[in-house]
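Trainee: I'd like to learn how to read a protein model without getting lost. Can we walk through one together?

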Amino acid sequence: MAIFFARKLLKWHLENPRLLPWGDEERNPYHIWLSEIIMQQTRIEQGAKYYHGLINAFPTLEDLAAATSDEVMRQWQGLGYYTRARNLHKAAKHIVQNLNGLFPDSYSGLLDLPGIGPYSAAAIASFAFGHRHVVVDGNVKRVIARFAGIHTSIDDAWTHKTILELATTYMKDVSPAIFNQAIMNFGALVCKPKLALCSICPLSTRCYAFQNHMVYELPLRSKKKLNRVRHFHFILLCYRGKILLHRRDQKDIWQGLFVPPIIETASSKTPSVKGLHSFVLSLVGHNSFEERKSFLPVTQQLSHQTIIGRFVLLQLNSTPGKLSTDFVWANKKTLQDFAKPKMVADFVKLNGVL
């Protein structure tokens, strides 16, 4: 079975090449690492432009380590899952400061880096250094679960271990890098979650799911997490051609990014006039303002969260007081220098509030 799987898979891969963002260049671990971190929870078509943007901005590991967090976050703006960017920057500084700039070339060494888990470590170890480690992502889990007929949830640790062991067996005597790329591409292009291309699948004659009419019943998953709906009211405070931004530093979404001050409410109901006045007073030391405009709500879907954003534009009538270091005033020219969540960046671009 292992020989059949590997032979058919690699033949398909040879006939259906799909280049990674770093292409056929020399296996540069820095480039591969950037690519793998970006492609986590991101489609290749979307992530490729961010990969090239990061490479252009930070050509070397040392360049990334020397960058400021704001510079890194600006390059990452719009990609989401911003913890990845923070860990990327942290890992680059760790390698330069503690490892003499030498990228770890072992699976265990890779796991010691911030933001690197078993999946990323296996990918980098196999693609950059040729080590025999299977990459187990969602595509790989789906292919193996269907082919081998695994009836336990792929979210369970036992199932993950089983799939890893089976895939490792299938990889035997095959180039780890080629096998990993082939099976991930196969899951993305043929053994898809919906509209699987079973009619052209080279594995179908021995695929448990296909032979037992269970293609769309496998793999099994645990119950999905409940989606949380949050209502953010963005308070656009303007004064003399500038807008107030706040750097989010709490353990929550958009950590480290800049947003207009937010009032979060439990429902879609807008903050009361009294509440709005109290909020502005707490920010700038007075509550002398005029409401210029309220905008229609916008929505952004995050992982297990739906953010409903409402923007209201206020014009301050007198000089604001001294602000804490978490706040900055941005004008039309400098506004683009601050990394913002996609919801805020899209709003600014569309409405041109300054």
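Trainee: Leaving aside its neighbours within four places in sequence, which residues is His-246 in contact with?

Mentor: Keep in mind that this is a predicted model. To read contacts, skip the sequence neighbours and see who else touches the residue. Here, His-246 touches Leu-257, Phe-258, Val-259, Asp-326 and Phe-327. His-246 itself sits in strand β2, which covers residues 242–247.

Trainee: Is His-246 buried or exposed?

Mentor: You compare its relative accessible area with a cut-off: under 20% is buried. His-246 comes out at 17%, so it is buried.

Trainee: Let's try a helix residue. Where is Ile-163, and what does it touch beyond its neighbours within four places in sequence?

Mentor: Look in helix α10, residues 157–171, for Ile-163. Outside that neighbour window, Ile-163 is in contact with Val-136, Lys-141, Ile-144, Ile-150 and Ile-154. Its relative accessibility is 0%, so Ile-163 counts as buried. You can also check distances through space: Ile-163 and Ala-209 are 46 residues apart along the chain, and their C-alpha atoms are separated by 15 Å.

Trainee: How many helices and strands does the chain have?

Mentor: There are 14 helices and eight strands. For the overall picture, the C-alpha atoms fill a box of roughly 75 × 50 × 30 Å along the principal axes. The chain has 354 residues, and 49% of them count as buried. On the outside, about 18200 Å² is exposed, with carbon and sulfur atoms supplying 54% of that area.

Trainee: What share of contacts between residues at least 6 apart in sequence joins residues at least 24 apart?

Mentor: That share is 68%.

Trainee: Which residues have the most contacts inside the largest nonpolar core?

Mentor: Phe-5, Trp-33 and Trp-254 do, in a core of 99 residues. Take Trp-254: setting aside neighbours within four places in sequence, its contacts include Tyr-82, Phe-232, Phe-234, Arg-248 and Met-343. Apart from that core lies another, of 16 residues, including Leu-276, Val-284, Phe-289 and Val-312.

Trainee: Now a whole helix. Why is α2 described as largely enclosed by the rest of the structure?

Mentor: For a whole helix, you go through its residues and ask which are buried. In α2, residues 29–39, the count is 11 of 11, so the helix is largely enclosed by the rest of the structure. Trp-33 is one of those buried residues. The buried residues of α2 pack against α3 (44–57), α4 (61–66), α5 (69–76), α6 (83–98) and α8 (118–129).

Trainee: And what should I look for at the ends of α2?

Mentor: At its start, a side-chain oxygen of Asn-28 comes to within 2.8 Å of the backbone nitrogen of Tyr-30. After α2 comes Gln-41, with a positive phi near 60 degrees.

Trainee: One last feature: how many disulfides does the structure hold?

Mentor: A disulfide is a covalent bond between the sulfur atoms of two cysteines. The structure holds zero disulfides. Cys-191, for instance, is in none, and the nearest cysteine sulfur, in Cys-207, is 6.4 Å away. Cys-191 counts as buried because its relative accessibility is 13%.

Trainee: What about Cys-198: how far is its sulfur from the closest cysteine sulfur?

Mentor: The closest one belongs to Cys-201, at 6.3 Å, which is too far for a bond. Cys-198 is buried as well, with a relative accessible area of 18%.

Methods. Residues are numbered from 1 along each chain as its sequence is written. This is a predicted model: local features need pLDDT of at least 70, side-chain atom pairs count only at pLDDT 80 or more; totals for chains, interfaces and linings use all residues. Side-chain values use heavy atoms; hydrogens and water are left out. A nonpolar core is a set of buried Ala, Val, Leu, Ile, Met, Phe, Trp, Tyr and Cys residues joined through side-chain atoms within 4.5 Å. Buried means under 20% relative accessible area, exposed over 50%, partly exposed in between (1.4 Å probe, protein chains only). Contact means heavy atoms within 4.5 Å. A disulfide is a pair of cysteine sulfur atoms within 2.5 Å. Helices (H or I, at least four residues) and strands (E, at least two) are DSSP runs, numbered from the N terminus. A polar contact is a pair of N or O atoms within 3.5 Å; within protein, one must be able to donate a hydrogen and the other to accept it, and residues adjacent in sequence count only if both atoms are side-chain atoms. Accessible areas come from the Shrake-Rupley method with a 1.4 Å probe; for residues, only the protein chains shown count as cover.
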